[in-house]
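The following exercises concern strand pairing, burial and charged contacts. Please work through each task before reading its solution.

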Amino acid sequence: MTIKPLADRVLVLPAPAEQKVGDIIIPDTVKEKPQRGKVVAVGEGTKDDPMVLKEGDEVLYGKYAGTEIENNSEKYLMMRQSDVLAVVKD
């Protein structure tokens with residue numbers, strides 16, 4: 001199934017949560033949700049809010065941003081472009 005966001009929405013693949021810190025393994029129950037991910041699809045934008053993000057952008061977003069969507073056993077977040085805080089440049 002292909003997901004195409006509408007208007008000013010973007011589909012983000014969250015980065016995996018940390019599994020280990022040093023030699024300590026972190027259990028799933030206390031892992032923090034990642035706040036970084038990769039944009040995999042973008043909408044067209046709106047006339048008042050043009051789309052500035054593009055596929056492949058590495059982004060930072062708010063802790064509780066977006067709606068979780070599962071597709072082909074992969075979890076994604078659908079959010080508005082305004083929920084994205086920054087684009088990460090290497």
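**Exercise 1: Ala86 and its surroundings**

At 31% relative accessibility, Ala86 counts as partly exposed, where buried means under 20% relative accessible area, exposed over 50% and partly exposed in between (1.4 Å probe, protein chains only). The model is a predicted one, in which local features need pLDDT of at least 70 and side-chain atom pairs count only at pLDDT 80 or more, while totals for chains, interfaces and linings use all residues. Residues are numbered from 1 along each chain as its sequence is written, and side-chain values use heavy atoms, with hydrogens and water left out.

Task: locate Ala86 and list its contacts beyond four places in sequence.

Solution.
1. Ala86 belongs to strand 8 (residues 84–88); helices (H or I, at least four residues) and strands (E, at least two) are DSSP runs, numbered from the N terminus.
2. With neighbours within four places in sequence set aside, Ala86 is in contact with Glu58, Val59 and Leu60. Contact means heavy atoms within 4.5 Å.
3. Asp57 lies 29 residues from Ala86 along the chain, and their C-alpha atoms are separated by 9.9 Å.

**Exercise 2: Strand pairing**

Task: determine how strand 4 pairs with strand 1 and with strand 5.

Solution.
1. Two strands pair if DSSP finds at least two bridges between them.
2. Strand 4 (residues 36–42) pairs with strand 1 (residues 9–14) in the antiparallel sense over five bridges. Here Lys38 of strand 4 stands opposite Leu13.
3. Strand 4 and strand 5 (residues 58–61) also run antiparallel, joined by three bridges. In this pairing Lys38 stands opposite Glu58.

**Exercise 3: The nonpolar cores**

Task: identify the elements that give two or more residues to the largest nonpolar core.

Solution.
1. A nonpolar core is a set of buried Ala, Val, Leu, Ile, Met, Phe, Trp, Tyr and Cys residues joined through side-chain atoms within 4.5 Å.
2. The largest such core has 12 residues in all, including Val10, Val12, Val39, Val59, Tyr61, Leu77 and Met79.
3. Strand 1, strand 4, strand 5 and strand 7 (74–80) each give two or more residues to this core.
4. A second, separate core has five residues, among them Ile3, Ala41, Tyr76 and Met78.

**Exercise 4: Salt bridges**

Task: describe the salt bridges of Asp8, Glu44 and Asp57.

Solution.
1. A salt bridge is a side-chain nitrogen of Lys or Arg within 4 Å of a carboxyl oxygen of Asp or Glu. By this rule the count comes to five.
2. Lys4 and Glu44 meet at 3.8 Å, N to O. Lys4 lies in the segment before strand 1 and Glu44 in the loop between strand 4 and strand 5, so this pair ties together parts that are 40 residues apart in sequence. Glu44 is exposed, at 66% relative accessible area.
3. Arg80 and Asp8 meet at 2.8 Å, N to O. Because Arg80 lies in strand 7 and Asp8 in the segment before strand 1, the pair ties together parts that are 72 residues apart in sequence. Asp8 is buried, with a relative accessible area of 8%, whereas Arg80 is partly exposed at 36%.
4. Asp57 and Lys54 meet at 3.2 Å, N to O. Asp57 is buried at 8% relative accessible area, while Lys54 is partly exposed at 49%.

**Exercise 5: Positive phi angles**

Task: place Ala7 and Ser73, and give their phi values.

Solution.
1. Ala7, in the segment before strand 1, has a positive phi near 50° and is partly exposed at 30%.
2. Ser73, in the loop between strand 6 (67–71) and strand 7, has a positive phi of about 60° and is exposed at 67%.
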